[in-house]
Amino acid sequence: MEDRKVDILNKDGKITTLFYMLGFLLAGVLIWGAIGWGIDNWLGHNNYFLIGGVVLGIGSSLYLAWLRFGRK
Amino acid sequence: MAQPGFEPPGSGDFIFTPIFGNSILATKPVLLLFFSVILISVFFIASSRKAAVVPSKLQFAGESIYSFVRDGIGKDVIGHEFQRFVPFLFTIFTFILTNNLFGIIPFMQFPTMSHIGFPVSITIFVYLVYHYVAIKKHGLGKYLKDMCFMPGIPKPMYVLLAPLEFLTYFAIRPLTLAMRLFGNMFAGHLLLMLFTLGGEYLLGSAWVIKIFSAISFSLAIGLSFFEMGIQCLQAYIFTLLAALYIAGALADEH
């Protein structure tokens, strides 16, 4: 089942994979950045959590992209 | 300044006043939209009305567009259930393609899709279709569970990945789908306007500078052909991604 999924997503070569990965990156940065920004506003304005959230978002979206397209 | 300088085109050039009356429905983009619907209908009715085993040139043209969408996008991407989505995909493809191509056809010269409202409304249909298909096939609970919780990864990772997947499906996908089409058409039209208006402006200068006007005009013509490629490509990509989202909704396991 998992193979079929990966197969569908990779069907038309690299361009759609690229769009998927861009979507993941955008989603990761937005959601974890927003959570970090919220914590910053709650605790006081020092922006450390915002930076941490963005980094975490990039990391998790790359991990997700690897799960979807890189893993065998 | 002694002379008024060149005024570059901007987003203000995308705002049209109504051609007749006061209604917003009588502006150029809306009229082009209606015209495209008539054009597409007439073309495909004419090409399929006298269908024969040995096709005429018109029938051949209509059938090759149809089979391109059916086999190249529908069958290849969606798989065995593709047949019921072909009308939807075909409509999207021809509609976007025609409206994009208006951008380089003389006297029309405005891609309808460079107004954000039009891509957004098509995207709303795609959004409703792929969620509806998935919920009907899997049920809402299983759909959300499959979407957010991918099997075979360590449990703590779900905290990181579940919100990300959720946002991808419900916000990022429609957003990027609409923005990609809008942005490409907007930028392309702006580029063509820049070189055309620039050439026109340079024409009013001293004769040495008129040479550069010729360069500007020929660039505008060259870029028009380049734009034609982009316009076809964007219509294709929009339809391809719509098909991919439907295929993802139909897949047994997320």
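# Cavity, pockets and two unusual loop residues

The largest cavity in this predicted model has a volume of about 90 Å³.

User: What makes this space a cavity and not a pocket?

Analyst: The rule is about escape. A cavity is a set of points where a 1.4 Å probe fits but cannot get out, whereas a pocket is an open set. The structure holds one cavity of 30 Å³ or more.

User: Which residues line the largest cavity?

Analyst: From chain A come Phe19(A), Tyr20(A) and Gly23(A). From chain B come Thr168(B), Ile172(B), Arg173(B), Thr176(B), Arg180(B), Leu241(B) and Tyr245(B). The elements giving two or more residues are helix H2 (14-43) of chain A, with helix H6 (157-203) and helix H7 (207-250) of chain B. H6(B) gives the most, with five residues.

User: How do you know how polar the lining of the largest cavity is, by class?

Analyst: Sort the residues by class. The lining has five nonpolar, three polar and two charged residues. Arg counts as charged, so Arg173(B) and Arg180(B) fall in that class. Gly counts as polar, so Gly23(A) goes with the polar residues.

User: What makes up the largest pocket?

Analyst: Its space is about 370 Å³. The lining has 16 residues, and Gly103(B), Gln109(B), His189(B), Leu192(B) and Thr196(B) lie nearest the centre. H6 and H7 of chain B are the elements that give two or more residues to this lining. H6(B) supplies the largest share, five residues. By class, the lining has nine nonpolar, five polar and two charged residues.

User: How does the lining of the second largest pocket divide by class?

Analyst: It divides into 10 nonpolar, two polar and no charged residues. The volume of this pocket is about 200 Å³. Among the lining residues are Leu39(B), Phe43(B), Phe44(B), Ala61(B), Thr94(B), Thr98(B) and Ile105(B). Thr is not on the nonpolar or charged lists, so Thr94(B) and Thr98(B) count as polar. Helix H1 (28-49), helix H2 (57-78) and H3 of chain B each give two or more residues.

User: Why is Gln109(B) called partly exposed?

Analyst: Its relative accessibility is 45%. Buried means under 20% and exposed means over 50%, so a value in between is partly exposed. Gln109(B) therefore counts as partly exposed.

User: What is unusual about the phi of Gln109(B)?

Analyst: Phi is near 45 degrees, a positive value in a residue other than glycine. Most residues other than glycine have a negative phi. Gln109(B) sits in the loop between H3 and helix H4 (117-138) of chain B.

User: Why does Asn47(A) count as partly exposed?

Analyst: Asn47(A) has 41% relative accessibility. The partly exposed range runs between the 20% and 50% cut-offs, so Asn47(A) belongs there. Asn47(A) also has a positive phi, about 65 degrees, although it is not a glycine. Asn47(A) lies in the loop between H2 and helix H3 (48-70) of chain A.

User: Where does the UniProt record place "transmembrane region" in chain B?

Analyst: The unreviewed entry covers residues 30-47, 85-110, 116-135, 178-195, 207-227 and 233-251 of chain B. In the model, residues 233-251 are 95% helix and 0% strand, with end C-alpha atoms 26 Å apart. Residues 85-110 are 62% helix and 0% strand, with end C-alpha atoms 30 Å apart.

User: How do you know how confident the predictor is in chain B?

Analyst: Chain B averages a pLDDT of 88, and 97% of the residues score at least 70. Among its elements, helix H5 (residues 140-148) has the lowest mean pLDDT, 87, and helix H3 (residues 86-101) the highest, 95. The model scores ipTM 0.72 and pTM 0.86.

Note on methods
Residues numbered from 1 in each chain as written. Chains lettered and ligands numbered in written order. Predicted model: local features only at pLDDT ≥ 70, side-chain atom pairs only at ≥ 80, totals over all residues. Heavy atoms only, no water. 1 Å grid on protein atoms, 1.4 Å probe; cavity = no way out; pocket = protein on both sides within 12 Å on 5 of 7 lines; lining within 4 Å. Points joined across faces, edges and corners; volume = space filled by probe spheres on them. Helix = DSSP H or I, 4+ residues; strand = E, 2+ residues; numbered from the N terminus. UniProt positions renumbered as here; feature names shortened; annotations may be inferred. pLDDT = per-residue confidence, 0-100. Buried < 20%, exposed > 50% of the residue type's maximum accessible area, 1.4 Å probe, protein only.
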